Amino acid sequence: DPQVTFGPIPMQKSLFDTLEDTDSDWCAALCSMMAGPSKLAKVREVEELKKQVEAYEILAKAVATIQAHKPPPAAKGKGKDAEKGKGKGKDAEKGKGKGEGKSEGK
């Protein structure tokens, strides 16, 4: 009798001894288990996985764009805006001492 390895937990048994004296539905189930998973199931699984990968294509493009970004070089020398921020501002005109300020009632 030819020995066959089959099942989710691999077991090796005689092909004919396994199938003899079984009902037709049980025999069909054992035959399909001995044949292994069908190629149709694998094709469906591959198609489903491809769809899942396609869903991440947009994210992959965004990550690639971010990784390819190079910041512009820092400005060197004096340009138009080089003098900005060096002024005294509004508070520079005020005195430093304690003054009486404006009085309205005098």
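Helices are DSSP runs of H or I with at least four residues, numbered from the N terminus; Met33 belongs to one of them, helix α2. The legends below describe close-up views of a predicted model.

**Figure 1. Overview of the chain, a predicted model with four helices and two strands.** Along the sequence, the elements follow the order β-β-α-α-α-α. Of the 106 residues in the chain, 7% are buried. The exposed surface amounts to about 10500 Å², and carbon and sulfur atoms supply 57% of this area. Among contacts with a separation of 6 or more, 18% are between residues 24 or more positions apart.

**Figure 2. The hairpin formed by β1 and β2.** Strand β2 covers residues 11-14 and runs antiparallel to β1, to which it is joined by four bridges. Within this pairing, Thr5 stands opposite Gln12 of β2. Four residues lie between the two strands, and Gly7 in the turn has a positive phi of about 100°.

**Figure 3. The largest nonpolar core of the chain.** Five residues make up this core: Val4, Phe6, Leu19, Leu30 and Met34. At least two of the core residues come from β1 (3-6), and at least two come from α2 (24-35). In soluble globular proteins, nonpolar side chains tend to be buried together. Leaving aside residues up to four places away in sequence, Val4 touches Met11, Gln12, Lys13, Leu15 and Met34. Met34 is thus both a member of the core and a contact of Val4.

**Figure 4. Surroundings of Thr18 in helix α1.** Helix α1 spans residues 15-19 and includes Thr18. Thr18 counts as buried because its relative accessibility is 14%, and the cut-off for a buried residue is under 20%. Its side chain reaches the backbone oxygen of Ser14 at 2.6 Å. When residues up to four places away in sequence are not counted, Thr18 touches Phe6, Lys13, Leu30 and Met34. Phe6, Leu30 and Met34 are among the residues of the largest nonpolar core.

**Figure 5. Asp21 in the loop between α1 and α2.** The phi of Asp21 is near 60°, a positive value in a residue other than glycine. Asp21 is classed as exposed because its relative accessible area is 80%, and exposed residues are those over 50%.

**Figure 6. Helix α2 and the contacts of Met33.** Helix α2 has twelve residues, and the distance from its first C-alpha to its last is 16 Å, close to the 16 Å expected at 1.5 Å a residue. Met33, which lies in this helix, is partly exposed, with a relative accessible area of 32%. Not counting residues up to four places away in sequence, Met33 touches Phe6, Gly7 and Pro8. Pro8 and Met33 are 25 residues apart along the chain, and their C-alpha atoms are separated by 8.5 Å. Following α2 is Gly36, with a positive phi near 90°.

**Figure 7. Helix α4, residues 57-68.** This helix has twelve residues and reaches 16 Å from its first C-alpha to its last, which is close to the 16 Å expected at 1.5 Å a residue. Helix α4 is hardly covered, with a count of zero buried residues among its twelve.

Notes. Residues numbered from 1 in each chain as written. Predicted model: local features only at pLDDT ≥ 70, side-chain atom pairs only at ≥ 80, totals over all residues. Heavy atoms only, no water. Core = buried A, V, L, I, M, F, W, Y, C linked by side-chain atoms within 4.5 Å. Buried < 20%, exposed > 50% of the residue type's maximum accessible area, 1.4 Å probe, protein only. Contact = heavy atoms within 4.5 Å. Expected span 1.5 Å × (residues − 1). Pairing = 2+ DSSP bridges. Polar contact = N/O pair within 3.5 Å; in protein donor to acceptor, adjacent residues only side chain to side chain. Areas by Shrake-Rupley, 256 points an atom, 1.4 Å probe, with all protein chains shown as cover.
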